[in-house]
Amino acid sequence: MPADDLDGAVLALQGKLAELCERFPGAAFVADYTGGTKTMSAALVCAALEREDVDLQLVLGTRADLVKVKSGTEQTAAASAVRTRLQRRMAPCLGAWKRYAYAEAAEGLRSICISSGSPDLARLNVARNLSAALARWDAFDHVGALDLLDDYGARTAPVWPTLLPTLRNLTCKDNPRTGKRNPRQEPARLWDLWRNAERRATQGRFDDAVARLYRLIEWTAQWQLDTKRGWKTAHFPAEELPKTVSATAGPDGKIKLGLWHAWRVAAEQLGEPIAGVVTGGAGEELRDLLDLRNRSILAHGFSPVRESDWRRMQKWMSERFLPVLDRLSAEEGLKERPPQLPTELLAIVLEPV
């Protein structure tokens with residue numbers, strides 16, 4: 001092996017350490033990286049850091065320069081590598097945030113064992129709880145997410161200033177004294193559904209993403225008809241049905257409006273900006289996109305949604321639908337779109353406040 005082959009040296013040492021630990025279970029293993037070439041010392045440290053059952057040490061002493069210690073002053077000392085080891089074990093777990101795989105991150109972090117007396121236990125617990133909180137949020141458990149995140153407001157505010165305010169909008173209840181609803185909650189939930197769809201698309205789960213967009217479009221019409229007219233699409237009043245919309249009562253005697261009919265009623269009764277979603281070219285394009293969704297495997301067909309299908313629907317949403325949702329949200333006091341959930345847990349968030 002070449003003297004400066006770092007990869008080769010690390011692999012060789014990893015194999016030897018594994019062999020020795022298996023041959024002598026329960027023994028104390030110490031890797032001293034004081035001597036040897038720079039490559040040898042670096043390789044030994046890299047290999048030892050991969051194992052919790054191997055301690056690191058080096059020889060210290062009085063130094064007049066950076067070459068060697070003064071003869072006769074040598075003494076061994078344990079090298080502190082607890083935080084380095086912890087960071088190396090946490091890194092692949094926290095890397096899952098980039099894919100919005102918060103549940104995967106939380107599960108991996110829960111499997112990491114650390115001494116109860118370690119000063120880094122608090123850092124690990126913060127990472128675990130924030131990952132678990134975002135996993136709940138990603139699964140639409142907003143109340144559960146707030147229960148975990150609420151304790152970390154001082155840590156998260158400087159880095160993610162809108163995180164907790166957004167979550168509080170999602171979980172706010174009606175005013176207990178007046179009985180009035182909080183008008184920001186429903187538009188916040190609609191925007192949360194959009195962000196959730198974006199995350200599913202990032203993961204390559206285009207069927208899931210499009211299914212969420214279908215629900216978002218449907219829910220928006222239901223929200224507007226209920227808020228502005230008091231009409232429920234699950235039991236629509238027959239006397240309010242426009243002549244241009246053909247919908248008949250089912251066996252239970254109730255008129256139930258699906259997505260398209262709900263939008264047609266909303267367009268005729270409420271006007272702009274709602275009408276712009278289902279009239280003219282925008283409406284024709286929406287019908288095509290709804291047909292695409294209906295043929296998907298999560299609706300009534302057998303074809304998976306392709307990335308190109310998602311891109312088409314995303315473009316229509318961005319150009320035609322989301323500007324309308326912006327205006328409707330602003331009417332209820334939600335002035336800005338909630339941002340996407342974070343993809344990185346910055347080191348500053350783990351530090352004590």
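**A tour from Glu-198 to the largest cavity**

Begin by selecting Glu-198 and Gln-340, whose side chains are joined by a polar contact of 3.2 Å (a pair of N or O atoms within 3.5 Å; within protein, one must be able to donate a hydrogen and the other to accept it, and residues adjacent in sequence count only if both atoms are side-chain atoms). This is a predicted model, in which local features need pLDDT of at least 70 and side-chain atom pairs count only at pLDDT 80 or more, while totals for chains, interfaces and linings use all residues. Residues are numbered from 1 along each chain as its sequence is written, and side-chain values use heavy atoms, with hydrogens and water left out.

Stay on Glu-198, which is found in helix 9 (helices are DSSP runs of H or I, at least four residues, numbered from the N terminus). Is Glu-198 buried or exposed? Glu-198 is buried because its relative accessible area is 18%, and buried means under 20%, exposed over 50% and partly exposed in between, with a 1.4 Å probe and protein chains only.

Next, add Trp-310 to the selection: Glu-198 touches Trp-310 and Gln-340, not counting residues up to four places away in sequence (contact means heavy atoms within 4.5 Å).

Now select the lining of the largest cavity, which includes Trp-137, Asp-192, Arg-195, Arg-199 and Gln-340 (a cavity is a set of points on a 1 Å grid over the protein atoms alone where a 1.4 Å probe fits but cannot get out; lining residues have an atom within 4 Å of a point). Helix 8 (163–171) and helix 9 (185–202) are the elements that give two or more residues to this lining. The largest share, three residues, comes from helix 9.

Technical notes
On a 1 Å grid over the protein atoms alone, a cavity is a set of points where a 1.4 Å probe fits but cannot get out, and a pocket is an open set with protein on both sides within 12 Å along at least five of seven lines; lining residues have an atom within 4 Å of a point.
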